[in-house]
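Biologist: Could you walk me through this model and tell me what stands behind each label you put on it? I'd like the reasoning, not just the words.

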Amino acid sequence: MTLYRTSVEGFSAIEHHFAELLADRMSHRTGRRPSDSERRSWERSIPALRADLVAAGLNDIEMLIEYQLPLTSKRADVVLVGQHPVTGGPSYLVVELKQWSHAECFEDSDSLVRIEQYGSRPVTHPALQVRDYCDYMLGFNAVLAEAPETLAGVAYLHNATDAGVADLFRLPGNDLGRVFTGQRRGEFREFLHSRFAPGKTGSIYADRLEASRIAPSKQLLALAAEEVQRREMFVLLDEQRDAYNYVLHAVERARRSNTKTAVIVSGGPGSGKSVIALSLLGELSRQGRAVLHATGSRSFTQTLRKVAGKRAPRVQKMFTYFNSFIAAEANDLDALILDEAHRIRETSVSRWTKAEHRTGRPQIEELLDAARVPVFLLDEFQVVRPGEQGTVDDIAKHATVRGMHVEKIDLDAQFRCGGSEEYVLWVKRLLGLEPGGPLEWTGDPGFEVEVADSPFELEASLATKLEGGYSARIAAGYCWPWGDPREDGSLPADVHIGDWSRPWNLKGDRSVGGAPAAALWATDPAGFGQVGCVYTAQGFEYDYSGVILGPDFVWRDDRWVAIREANKDPDFRNRSRVSDADFDRLIRNVYKVLMTRGMRGVTLYSTDSLTQQHLRTMAL
């Protein structure tokens, strides 16, 4: 977990070649050499901190340099470990080192700051950054969770004067995160004395920290159990209950006999996959098992964090992403609940992934290794992006190679909750995702299917449902440009169909002009004013769904034709990565996802007249 560990005194022997030593250690562990900026940080910041520790007479405390946070690829610059001068017990201090000399608030925000070398991109206030590190460590490191008073955090801006970073002091400091500048070096040393006793070694406490069990703390699990289980009274039926009970049994078996089992739960929309996922998270948390929930969907995860962690923000840490397990230790978790597992990617690498974490390992292997019982909940017909590999066969193949027992459970065998089984079959046959050709819609008392004559009519129909107290959204194929909000906060009406035009949902994490953040489009009532796409609709359900089929998928004679040139999704531009055959398959899945979000009904409209005529024929 730590890239390099030394005592303050021991650092003197390696100080002159420390950066090269650390670079070699990084190269050995990660397969890459550090960047120039990383080397500069090691060469300048670590010696500055060490000098203050020596001046404070704290030569015997331990320095855990580049300490990796549990179950993540994130690293804290330094964790200092020693004996507390008052309690005589362990004392841990997370130190985030910054070479900044100037920083100012970003647009009057107390949580974001602008740093000259980063250009216009804002970064998190360093005190909040180190608080997040501390909160995370308290939530997942057993040694710290049992004695939270032993942990503190500081951001040390050793090159800065108070005047240069005056805005940072608008945010009050606390034990888990406060700011010291080079100008306040004397205060910083006094603070160090309040945390560490001179002449007392910290090696035994550093050993405990590094050997600590890594898992969600009992307090966090108890909080999650209460938030998840008491917020909703879930009812599980038939195959849902079978899947739930089997996972609980597998976790207990793994604990007793040191075994691993991969559970694969497949089912269509409305079959209860997410209900099972949250029920398992709540029950396993109540039992004190080390469990986390993960998805590949930013929108889905952020919504779960908002809902399940509304009253207890710490519970939000229980909801994470598939790419969070790049550097996780094998079997740290008893169970890992992987909802929306059809969105598993080839690797966890993205353009934001630091070079040191680009291991090249398949993401599915990282997820299989992270827990004794990984639980994959998926719908194979919801693979909508190139690179998504979450299929039953792929998961089973990788698990078998790793010597794991595999259990497959099909929720579609006998039971479907919410929505209409007849309608889902109609959609699959309509889109050619099941053989036999399209079927005429014969009706279902519990589900409405309509074809609107225009987007105006589609919107008006859904507006009527909203007035009746139901939820409703409009989504479309990605066939129009997608612009950013204007300077005045208004959204460009990019989706143009004749005289009708509406904006896409927002791209980012902030509400603009009354429209909700992208992740909340499907759940915030204000989302009705924008058109969603598959990436914001997937994983969610609302009462009534409006779907606009764009010119990228049209009916000609007796078959569907995928028109790649009409699609604006950047993920589909590279023909060497996405063949025409793959595009045809993925675009069918896209419209299948959009057409199966409604739980009570759907209204369809196609921008193509021949396709519109075909829909009317099939939906009469």
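Biologist: Let's start with threonine 603. Where does threonine 603 lie, and why does it count as buried?

Modeller: Threonine 603 is part of strand β24. Keep in mind that this is a predicted model. Buried means under 20% relative accessible area, and threonine 603 comes in at 4%, so the label fits.

Biologist: Which residues does threonine 603 touch?

Modeller: Leaving out residues up to four places away in sequence, threonine 603 touches Glu450, Ala452, Leu458, Ser461, Leu462, Ser545, Gly546 and Val547.

Biologist: What makes arginine 556 and aspartate 608 a salt bridge?

Modeller: The cut-off is a side-chain nitrogen of Lys or Arg within 4 Å of a carboxyl oxygen of Asp or Glu. Here the closest N and O atoms are 2.9 Å apart, so the pair qualifies. Arginine 556 lies in strand β22 (residues 553-556), while aspartate 608 lies in the loop between β24 (598-606) and α18 (609-619). They are 52 residues apart, so the bridge links distant parts of the chain.

Biologist: Are those two partners buried or exposed?

Modeller: Aspartate 608 is buried at 14% relative accessible area. Arginine 556 has 28%, which falls between the 20% and 50% limits, so it's called partly exposed.

Biologist: How do you know that arginine 402 and glutamate 365 form a salt bridge?

Modeller: Their closest N and O atoms are 3.5 Å apart, and the limit is 4 Å, so they pass. Arginine 402 is in the loop between α13 (392-401) and β15 (405-410), and glutamate 365 is in helix α12 (residues 363-370). The pair therefore ties together parts that are 37 residues apart in sequence.

Biologist: Why is glutamate 365 called buried, but arginine 402 partly exposed?

Modeller: Glutamate 365 has 19% relative accessibility, under the 20% line, so it counts as buried. Arginine 402 has 32%, so it lands in the partly exposed range.

Biologist: How many salt bridges turn up in the whole structure?

Modeller: The search finds 31. Among them is arginine 575 with aspartate 580, with 2.6 Å between the closest N and O atoms. Arginine 575 is partly exposed, at 44%. There's also a network of salt bridges linking Arg5, Glu62, Asp207 and Glu210.

Biologist: On to the rings. Why is the pair of phenylalanine 180 and phenylalanine 191 called tilted?

Modeller: A pair of aromatic rings is described by the distance of the centres and the angle of the planes. The search of the whole structure finds 19 aromatic pairs. In this one the centres are 5.5 Å apart, and the planes are at 40 degrees. Stacked needs under 30 degrees and edge-to-face over 60, so this pair is tilted. Phenylalanine 180 lies in strand β9 (residues 178-181) and phenylalanine 191 in helix α6 (residues 185-195), so the pair ties together parts 11 residues apart in sequence. Both are buried, and ring pairs link them with Tyr156 and Phe188 into a cluster.

Biologist: And what makes tyrosine 423 and tryptophan 426 a stacked pair?

Modeller: Their planes are at 25 degrees, under the 30 degree cut-off, with the centres 5.8 Å apart, so they count as stacked. They sit three residues apart in helix α14 (residues 421-430), which means about one helical turn separates them. Tyrosine 423 and tryptophan 426 are buried.

Biologist: Which residue lies over the face of phenylalanine 169?

Modeller: That's arginine 184, at 4.1 Å from the ring centre.

Biologist: What is unusual about phi in glutamate 340?

Modeller: Most residues other than glycine have a negative phi. Glutamate 340 is not a glycine, yet its phi is positive, about 55 degrees. Glutamate 340 is in the loop between β13 (333-338) and α12, and it's buried at 4%. Aspartate 557 also has a positive phi, near 60 degrees. At 77% relative accessible area, over the 50% limit, aspartate 557 is exposed.

Biologist: Last one: why do you call the whole chain as compact as a globular protein of that length?

Modeller: Its radius of gyration is 27 Å, and the globule rule gives 25 Å for 620 residues, so the two values are close and the description holds.

Methods
Residues numbered from 1 in each chain as written. Predicted model: local features only at pLDDT ≥ 70, side-chain atom pairs only at ≥ 80, totals over all residues. Heavy atoms only, no water. Phe/Tyr/Trp six-rings, centres within 6.5 Å; stacked < 30°, edge-to-face > 60°. Helix = DSSP H or I, 4+ residues; strand = E, 2+ residues; numbered from the N terminus. Buried < 20%, exposed > 50% of the residue type's maximum accessible area, 1.4 Å probe, protein only. Lys NZ or Arg CZ within 6 Å of the ring centre and 35° of its normal. Rg over C-alpha atoms; globule rule 2.2 N^0.38 Å. Contact = heavy atoms within 4.5 Å.
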